Amino acid sequence: MAVPPSKASTSTISAKVVLLGDSGVGKSSLAVRFVKNKFYGQQETTIGAAYLFRTLAMPPADPAGADAAPRAVKLELWDTAGQERYRSLAPIYYRGAYGALVVYDITSKESLQRAQAWVEELRANADPHLIIFLVGNKRDLAALRQVPEADGRAVAEEEGLAGFYEASAKEEATGGVDAIFKDLAAQLLENGVVSAKAAEAAARRANAVAASRLGELPTGQGPSRIGSCCGTS
Ligand SMILES: Nc1nc2c(ncn2[C@@H]2O[C@H](COP(=O)(O)OP(=O)(O)OP(=O)(O)O)[C@@H](O)[C@H]2O)c(=O)[nH]1
Ligand SMILES: [Mg+2]
């Protein structure tokens with residue numbers, strides 16, 4: 001079937017995005033909600049890291065002008081394991097990343113402190129242009145809330161982050177997960193992270209390194225169940 005000319009020239013930018021945060025805060029659940037629109041009440045803890053991707057169609061920068069070509073951003077998510085024993089693997093996943101979601105659980109004050117420590121580690125070691133969002137997950141558990149929204153927002157402002165959201169991976173309609181990733185994709189485009197070609201090449205290199213390290217996990221442990229699946233485009 002012929003493709004209409006306006007759709008034929010879509011340029012796709014690939015961007016590596018890392019999810020960091022304490023074990024159990026819901027990193028995998030957010031990634032799975034975004035990529036598969038599913039939620040598992042018994043989501044298994046991640047071993048090493050998992051890779052998922054989804055391509056978002058983005059509105060043209062200037063629909064009326066010369067830059068009216070359709071654009072797309074392929075978000076390549078590296079969902080890291082929050083358990084302490086995998087901490088030393090984290091740099092493999094945040095190096096070469098263009099975006100980072102640092103996640104905490106609104107029912108755990110400690111998880112916000114850990115999230116702040118992750119932000120500081122990223123500031124010290126990751127690419128200075130990395131776009132970092134802070135995300136307070138499990139907003140549906142209002143009765144168990146320990147972290148007021150204002151406290152999360154204050155940390156994001158103090159650290160000069162590019163975005164702050166509360167979300168629920170559990171609530172399909174109101175969880176707000178898509179909006180987070182769409183904002184991240186828009187900021188990646190806006191900041192002109194890089195030209196499409198350079199971004200693609202960098203993402204390929206970074207992913208190859210990260211993927212090769214999945215094979216170097218402690219004996220008997222491979223990538224988690226979602227590690228080898230879950231792409232949509
Ligand atoms: N009520 C509620 N539960 C959630 C939400 N997100 C995740 N969970 C649950 O919290 C638990 C941990 O979620 P995961 O997504 O595995 O957390 P994680 O951050 O990936 O944890 P690690 O892989 O160990 O680092 C699971 O039982 C999820 O079902 C949410 O938004 N609301
Ligand atoms: Mg996980």
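Where in the chain does Lys-138 lie? Look in the loop between strand 5 and helix 5, and there you'll find Lys-138. Keep in mind as you read that this is a predicted model.

## The chain at a glance

Let's start with the overall layout. The chain holds seven helices and seven strands. Walk along from the N terminus and the elements come in the order α-β-α-β-β-α-β-α-β-α-β-α-α-β. The chain has 233 residues, and 43% of them are buried. Now take the contacts between residues at least 6 apart in sequence: 77% of these join residues at least 24 apart.

How sure is the predictor? The average pLDDT of the chain is 85, and 77% of the residues score at least 70. Two stretches deserve some caution. For residues 1-8 the pLDDT is below 50, and beyond near neighbours in sequence this stretch has three contacts in the model. Residues 218-230 also have a pLDDT below 50, but that stretch has 25 contacts beyond near neighbours in sequence.

## Two residues with a positive phi

Back to Lys-138. Its phi is near 70 degrees, which is a positive value in a residue other than glycine. That's worth a second look, because most residues other than glycine have a negative phi. Lys-138 counts as buried because it has 26 C-beta neighbours inside 10 Å, and the cut-off for buried is 20 or more.

Asn-37 also has a positive phi, near 55 degrees, and it isn't a glycine either. You'll find Asn-37 just after helix 2, in the loop that leads from helix 2 (27-36) to strand 2 (49-58). Is Asn-37 buried or exposed? Asn-37 has 12 C-beta neighbours inside 10 Å, so it counts as exposed.

## Helix 2 and ligand 1

Helix 2 itself is mostly covered, with nine of its ten residues buried. The buried ones are Lys-27, Ser-28, Ser-29, Leu-30, Ala-31, Val-32, Arg-33, Phe-34 and Val-35.

Helix 2 also turns up around ligand 1, where it gives the largest share of the shell, three residues. There are 24 residues around this ligand, and those that come nearest are Gly-26, Ser-28, Ser-29, Thr-46 and Gly-82. So what kinds of residue make up the shell around ligand 1? The split is five nonpolar, 15 polar and four charged.

## Helix 4 and its two sides

Helix 4 covers residues 109-125, 17 residues in all. From its first C-alpha to its last it reaches 25 Å, close to the 24 Å expected at 1.5 Å a residue. Its buried residues are Ser-111, Leu-112, Arg-114, Ala-115, Trp-118, Val-119 and Leu-122. If you look down the axis of helix 4, these buried residues fall within an arc of 160 degrees, so they line one face of the helix. A bit of background helps here: an α-helix has 3.6 residues a turn, so residues three or four places apart point the same way.

Turn to the other side of helix 4 and you meet Glu-110, Glu-120 and Ala-124, which are exposed. And what covers the buried residues of helix 4? The cover includes strand 1 (11-20), helix 3 (90-94), strand 4 (99-105), strand 5 (131-137) and helix 5 (149-158).

## Two strand residues up close

Leu-20 sits in strand 1. Leu-20 is buried, since 26 other C-beta atoms lie within 10 Å. Leaving aside neighbours within four places in sequence, Leu-20 is in contact with Thr-80, Ala-90, Tyr-94, Ala-100, Val-102 and Trp-118. You've already met Trp-118 among the buried residues of helix 4. Leu-20 and Tyr-104 are 84 residues apart along the chain, yet 8.9 Å separates their C-alpha atoms.

Gly-163 belongs to strand 6 (residues 163-166). Gly-163 has 16 other C-beta atoms within 10 Å, so it is partly exposed. Its contacts, leaving aside neighbours within four places in sequence, are Phe-133, Asp-183 and Leu-184. Between the C-alpha atoms of Gly-163 and Ile-180 there are 8.5 Å, with the two residues 17 apart along the chain.

Conventions. Residues are numbered from 1 along each chain as its sequence is written. Chains are lettered from A and ligands numbered from 1 in the order in which they are written. This is a predicted model: local features need pLDDT of at least 70, side-chain atom pairs count only at pLDDT 80 or more; totals for chains, interfaces and linings use all residues. Helices (H or I, at least four residues) and strands (E, at least two) are DSSP runs, numbered from the N terminus. The expected span of a helix is 1.5 Å times one less than its number of residues. The arc is that of the directions from the helix axis to the C-beta atoms. Two residues are in contact if their C-beta atoms, placed from the backbone, lie within 7 Å. pLDDT is the predictor's confidence in each residue, from 0 to 100. A residue is near a molecule or strand if its C-beta atom, placed from the backbone, lies within 6 Å of it. Ala, Val, Leu, Ile, Met, Phe, Trp, Tyr, Cys and Pro count as nonpolar, Asp, Glu, Lys and Arg as charged, and the others, Gly among them, as polar.
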